[in-house]
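Subject: The two-chain model, handed over

Hi,

Here is the model I said I would pass on. Have a look at it first, and then read on for what I found.

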Amino acid sequence: MTDRSLDPVFASVLECRLKAITEEMGLTLLRTTRSPILNEARDFVTGLYGPAGEILAQSEYIPILAFALQPACRAVIDAFDGDVHPGDVFLHNDVFSGGNQNNDVAVFRPVFVDGRVVAWAATKGHQADIGGAQAGGYNPRATEVWQEALRIPPLRIIARGIVQRDVWTLLFANVRLPIVEEDIRAQIGGTVVGERGVAELYQRHGAETVERHIEYLFDAGEKRMRAELARIPEGTWVGESTVFYDGHHEGSRHLIRVTIETRGGEIRLDYTGTDPQTVGFVNAPYASSFSAILLTLLMLLDPDLPHNEGVLRPIHVHIPPGCILNAGFPAATTFGNTLAGPHSDAIFRALAPAVPERVSAGWNRMLGMTVTGMDPHRGRRYVDILFLALKGGSGALAGCDGYDHIGLINTAGGLLSQDYEMLEVHTPHRLLRHEYQPDSAGAGRWRGGLGVGTELEIDGDEVTGIVFGDGVDEEARAFGLLGGHPGSLNRIEVRTPAGEVVVPRSKDVIAIPRGSVFRQTAGGGGGYGDPRERVPGLVAADARDGLISVEAARREYGVWIDPGTLAVDEARTAALRRRQEPA
Amino acid sequence: MAYRIGVDVGGTFTDFLLRRDEGPPRAAKTPSTPADLSEGVLAGLGELAAAEGKELGLFLGEVKLIVHGTTVTTNAVLTGEVARVGLLTTRGFRDALAMRRGIREAQYDNRYTAPTPLVPRWLRLPVTERVEVSGAVRTPLDQADLDAALTRLSEAGVEAVAICFLHAWANSAHEVIAESRALAALPGAYVSRSSALLPQIRFNERVSTTVLNAAVGPVLSRYLDRLTARLGAAGFRGVLLLMQSNGGVAAPTVARAAAASTLLSGPAAAPTAGLAYAAPHGVRDFLTVDMGGTSFDVCLVRDGAAAMTAEGRIARYPFGLPALAIHTIGAGGGSIGWLDDGDLLRMGPKSAGATPGPACYGRGGTLPTCTDADLLLGSLSAERFLGGRLRLDAAAARRAVETIARPLGRSVEAAAAGMLQVIDASMAAGVRHVTVERGHDPREFLLVVGGGAGPIHAAGIAAELGLTRILVPRNSSIFCAAGLLLSDLRHDLVRTYVTPFEQADRDRLRGMVRALAADGRAALQADGVAGSQASLSFACDVRYLGQYHELPVSWLPDEAAEGDLSGVAKRFHEGHDRLYGYALPDTPLELVNVRAVALGLTEKPSLPEVRPGTAALASQGSRRVWAAEERGYLEMPVHDGERLGAGARLRGPVVVELDTTTVIVPPAWRLETDRHGSFLLERV
C-alpha cells in the first residue's frame, strides 16, 4: 500500500468532486428558479465553505459574484456562533455585514457530520425584486439603503427543519413579486443538494482524510497563486481612475486610488486616498469591491487558477471604511457592482508598468437602461433590461485585439444579448438596428473591441426608462495603453414622436412616450500600443469590413487606404507614418 | 450474396462492418486519408473484398447498401477549410453572425478570442426589407438593393449564398424571392435559405445554421461527387445513405441540400447501436460511452429514444438543427498527464493524438498518456495490442510516466494508478453531465461501452457513479459502424407559431400539421420509402408564459390532426416536473414551435449470434493487473474473448482480451457472454 497520509492524487479527485457538487447545485438553480435573471442571465453563484467560512469550491456564472459569498458566510457564522443546528437555514443580503448588492440574496445551510458543522452549502442569486422604493432595485435617486431594499442581516429562516412561518411571511410581505419567494425556495433546494454531496464525501472517505486533503488543496492553491504573483516584478505601483456623476451633483467626480505592492509572491492593495462615499447610490459595499479586485487579478493571472481559500492567502486588501469602495451605513450602494468598471481601470493602470504584457487597456464602462411599462399588444406589464444595447468592447492586450460587444467587465461575456426575434415576442419593442459601431474601437497596434449601435422603437404605454451607468464623459472613455487610443463614448438618446430628443444623464429616470425611438451607442474598448505599428493590412481589413473609415485609418493609424479599392497605398502610408512620427 | 456495409470515417481510422444475409459479420479498420477521405473508403472496401476472396468489382456488384458516416463537413468547419460564403440579411442586422449574442466562453481569459465568423463582414450584405414578428410586411423587399448585393457577391466569387432575413419563419416571401434571384445571378452557387433549412424563431441560431450549411454545402457536394464516382467506377450499383446529426440516415440528394445536417453526425450512430445490443437484455434506458484516442462521447437513451437538442454548437458556432445530445470531453487513450503549478495531477485535455501517439507506441512520443498508464498497470498487453500488430514499448511508457512520478515523490506504478483515477473521475463527471444535470439518476442506466479504450475504464467509471451494469459489445471498437446499418431514414421538420395556448387558433394548428405531414411524406416518397414503412410523429415546443426556454413535448397523431393541445399541456406539466422538479398547473402555457419527424423504416439485419460455449477453452494464463478499488496489484486470469461462447461466465478479477480492445473485470464484478457475443458485466 502507498502511504495515504497525503495523497496528491486523492486531492485532485477531491477537488474534482467538490467542484462537481457546486456545479450540481448550480444546475439545480438553473432548473428550478423562475426569474430570467437567474436562469437566463445566470446571475448567481453556488459554493461550499468550511466551518470558519473558508472557500472549498465555487461555481459562478458571472465573475463579479465569484468572491461575494464568503464575506456573507462569515457574517452568518459570527452572528450565530454556537447556536447552529442540523436543519437550520439562514438568509442574508445586508451590504453592511458582508453583502455585495441588496438584490443578491444568499442562502446558507450548515452541513453536520457526527454532530459538528463540517461545511456550509450556500447559494446566492440576484432577485427580481427585494422591496425598496423602485421595482427591481435600481434607484438612481436613493440616498440611503432603505430606499433601495429590504435589509436582511443574518436571519434564521428555517430552525431545525421548521420554517419560521411568521418570519417568512414578514419577509415576503415586503417584496413586490411572488416569483422571488419561489426563487428563494429554489435556492434553499440548491443547498440541500450541496449538503447531500458533502455528507456523502465524508461518509465515503472519513472526516479526517477529507479535511487533511482539503488543507492540501488550499496549500496547492496558495502555491499556484504565489507562483503566479511571483511572475509580477516586485515593487510599489499606483493607479487611479475617476467615477463620474453621483446622480445628484451634475459634474461630480470621484477618485479611486490604489497602491499595489508586490513582494515575495504576495500582493497588497491599499485604497488609501480614494474619495469618500457619495450621497447617492454610486457606492460599493466592501464585498462587491473585493470581488472586483479578484476578478481583475484573475484576468492578469492564469485563468485556470482554482477558486479556493488558498488562492486568497497571498492577497491582502485594505479599503478604508467610508470611501466610495467601502461605503458605511446607511449608504445607498446599488451602483456598487457597476463600479467594477472604473475600479478595474485603476488596477490595470497601476500594474501596466509592472506587467505590460498582461494588462489590458480599458474596457468600455457600462451605460444601461431598464425599461418598464405596459405591453398594449399582450395586455400585460413588462420589464426589459436592454442587454443587447449596453454591451461595449473590451480593452486590447499585447498581441491580442479587444473582444467585440462583450459588455461590462464584471460579467466578462457571461451576460448574453437578447435574440432579436424573441425580444420582439417578449416586449413591445421593434428593433431597427443592432450592429457594430464603426470607428468605436480605440486605435492601437492592437485595437480595442468594437462597440455596438442599437436603435429600437418603443411601442409600449406608461414606459419608464431607468438609466444607470458611466462612460458618457470625455475622460470616461475606455483608456488606451502604451500609446493606444481610447475607445468611443457611450450615449443614449430618446426621440419622442413629437420630435423632441431627450438625452438622459448617466443616472436618471425618464418617461418615454409611446412611439419613441431609442438610440444607444455602447463604446469600444481602449487600444494597446502605438497605432502606427499596426500592420496596415489589418487596418485595411477593418476598412473593407466597414468597421473603420478611411479618414480614421489615415488619422489614427497613418495608413493610407484608397477609398475606391480599399487597398493600402504603401508609399503614402510610409510617408504618412514618417510625418506622424513624434519629433 | 447480398452485402450491406457500414463505413464510419473518423479522424484517425475508418471503420467498416460488413453484414451478409447469412453468416458472421466482418470488421475492418483502415487509416483515414485526410487529403481525400474517399480514398481510405475504397482502400477498406478493397480489404473487405480480399477477405471475402473476391475481386473488388465483383464484390461491390453484390453490395446492395452502403451506409456512410463521415466527418468531412465537421472537419471542414474545425479546420476552416470551408466554401467562400456571402450572406444576405436584413438591413441593420448584418453582425449577428459574428456577435454570437456577445458571449465569451472563458470569462477570466482576456486572450480568449471569438471564432472567426464564417462570412467576413464585407460579404455580409444588408438588404432593405422588414417583416414583423406577426409576419406582416413592414418594409417591402428592395429589389434593386438585392440585385446590387448579388452583383457584389458574384464579383467576390462566392461559392455559396446564405439568405437569412428577420422573422422569415413567420413569412418567407422575401427570402424566396432572394433565393430565386440568387440562383439566377450566381449560376452554380450553393444557396442556403433559412426558411427552407430551419423555419424556426431565434435569429441567432437560424443565421448561424444557415451560414454553416452554406459553408459546408459545396464541401459535401464535392466529396460526394468524388465518392460516388469512385464507387461507381469500381462497380458499386447499390444504394448509398449518409448518417445525419439527428441519428437517422438520408439519401445523398437530401444531404446535399441540407449539408449542415451531417455536422454532428460523427458519433450519431452510437445510440442506435446501443439499442440493438441492449435489446436482448430487455433494456431501453442506457448510456452509450465511446472512449477513443482523444475524446470521450456520452449519450443518454431513455425508453429507447436518444436525448436530442436543438441548441448544439460546433466550433463555438450555434447550430439549430435537431441533433443527438452528445456530450464530448477531452479524455481518451492519448490524453496527456501533467502537474499544475500546485503539483496537482491533471489529465488532458491535451492529447498525443495519432502522431506521435502515446510514448509506448514507440513513434517518438515522450509525454505520459493514459495508454502508457494502462500498459504499466497491466491493463494492456504489450504483445496483444491491436491483435499483436503494434508491439507496445513498456520501457518508453515507464520513462514517460517517470516524468510526473518523480516530482510527485511516488513510484512509477503509483503515478500511473493516479493517472487512471484522475481520468476515470473526469469521464465520470462527463456522464454526470448528461444524467444528474438533466434530472436522471445514472444508477438506473446500463452503461454501453464503445471505443478501443472504453472497456478498460468502464468499471472505474461505473464505480465512481455507483453504476452496477455494463455492456461491452464484441465489436466495441467499431461500435458506430455497426449502428449505421441499423438506422432509419429521418427528416426533421419544424414550423414556428408563438401563441398562448388559450389563444391558439385550431384551424391554423390543423393546417400546420397537415403541411408538416405532407412535407414529411413527400420527403420519404422522394427517398423511395413505401407508405407502409413511413411513420410520422409530432411534437410541440412549449414553455410557461414568460419563460425563455422551451421543452419539447410529444403530440399524439390524433390530437395533432385535430389541433388539440390539451394532451400537450398535461404532458408539459408532467415533463417540467420530472425535469425541473416543479410544475405550475395554473400558469398559462405558450406554444413556440410545432415539429414533425418523418421516419422511413429500413430493413435491418438482425444481430449475428455466437455459438454457446464455456470459458474453459478461452483461458490464456494470467498477468498482474492494477485493481483500482482494491488499490493494489492482483494476479488476474486472462481469457481470449474471441473464444468465449454464448453463456460463458467469468468471475472477476479477470481480463478478457480481444483483437481491438481489452475488458477489465475487477474483483467485485462478474461477466456473462450473451447470445450475440456481447459481454455483460454486473457488480456482485
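One definition before anything else: two residues are in contact here if their C-beta atoms, placed from the backbone, lie within 7 Å. Please also keep in mind that this is a predicted model.

With that cut-off, let's start inside chain A. The domain assignment splits chain A into domain 1 (8-223), domain 2 (360-532) and domain 3 (536-580). Between domain 2 and domain 3 of chain A, 8 residues of domain 2 are in contact with 10 residues of domain 3. The domain 2 side of that contact in chain A is made up of 5 nonpolar, 1 polar and 2 charged residues. Measuring from centre to centre over C-alpha atoms, domain 2 and domain 3 of chain A are 28 Å apart.

As for chain A overall, it has 14 helices and 20 strands. Its radius of gyration is 25 Å, close to the 25 Å that the globule rule gives for 583 residues, so chain A is as compact as a globular protein of that length. Along the principal axes, its C-alpha atoms fill a box of roughly 80 × 65 × 40 Å. Of the 583 residues in chain A, 60% are buried. If you take the contacts in chain A with a separation of 6 or more, 73% of them are between residues 24 or more positions apart.

Now chain B. You'll find 18 helices and 35 strands in it. For 684 residues, a compact globule would have a radius of gyration near 26 Å, and the 26 Å of chain B agrees with that. The C-alpha trace of chain B spans about 80 × 60 × 55 Å along its principal axes. Buried residues account for 55% of the 684 in chain B. Among contacts in chain B between residues at least 6 apart in sequence, 67% join residues at least 24 apart.

The domain assignment of chain B has a split entry: domain 1 covers 3-76 + 222-262, alongside domain 2 (82-214), domain 3 (489-600) and domain 4 (616-683). The C-alpha centres of domain 2 and domain 4 of chain B are 56 Å apart.

On to where the two chains meet. The contact draws 54 residues from chain A and 53 residues from chain B. On the chain B side, α4 (96-99), α8 (203-234), α13 (412-434) and α18 (566-580) each supply at least two residues. Which helix gives the most to the side of chain B that touches chain A? That is α13(B), with 8 residues. By class, the chain B side has 26 nonpolar, 13 polar and 14 charged residues.

The partner of α13(B) that I'd look at is helix α1 (residues 8-32) of chain A: the two axes come within 9 Å and cross at roughly 10°. An angle under 35 degrees counts as roughly parallel, so α1(A) and α13(B) are roughly parallel to each other. From α1(A), the residues in this contact are A:Val9, A:Ser12, A:Val13, A:Cys16 and A:Ala20. They meet B:Gly418, B:Gln421, B:Val422, B:Ala425, B:Ser426, B:Ala429 and B:Arg432 in α13(B). The residues of this helix contact divide into 7 nonpolar, 4 polar and 1 charged.

Helix α1 of chain A also holds A:Ala11. Is A:Ala11 buried or exposed? It is buried, because 22 other C-beta atoms lie within 10 Å, and the cut-off for buried is 20 or more. Leaving out residues up to four places away in sequence, A:Ala11 touches A:His213, A:Tyr216, A:Leu217, A:Ala220 and, from the other chain, B:Leu344. A:Tyr420 is another matter: it is 409 residues along the chain from A:Ala11, and their C-alpha atoms are separated by 46 Å.

One more helix pair, again in chain A. Helix α5 (residues 178-205) and helix α6 (residues 207-229) of chain A pack at an angle of about 110°, with their axes 6 Å apart. That angle makes α5(A) and α6(A) roughly perpendicular to each other. A:Leu201, A:Tyr202 and A:His205 of α5(A) make the contact with A:Ala207, A:Thr209 and A:Val210 of α6(A). This contact has 4 nonpolar, 2 polar and no charged residues.

Over to you.

Definitions and conventions: Residues numbered from 1 in each chain as written. Chains lettered and ligands numbered in written order. Predicted model: local features only at pLDDT ≥ 70, side-chain atom pairs only at ≥ 80, totals over all residues. Helix = DSSP H or I, 4+ residues; strand = E, 2+ residues; numbered from the N terminus. Nonpolar A, V, L, I, M, F, W, Y, C, P; charged D, E, K, R; others polar. Rg over C-alpha atoms; globule rule 2.2 N^0.38 Å. Buried ≥ 20, exposed ≤ 12 C-beta atoms within 10 Å, placed from the backbone. Domains from an automatic or database assignment. Axes fitted to C-alpha atoms, helices over the stretch in contact; angles between N-to-C directions. Parallel < 35°, antiparallel > 145°, perpendicular 65-115°, else oblique.
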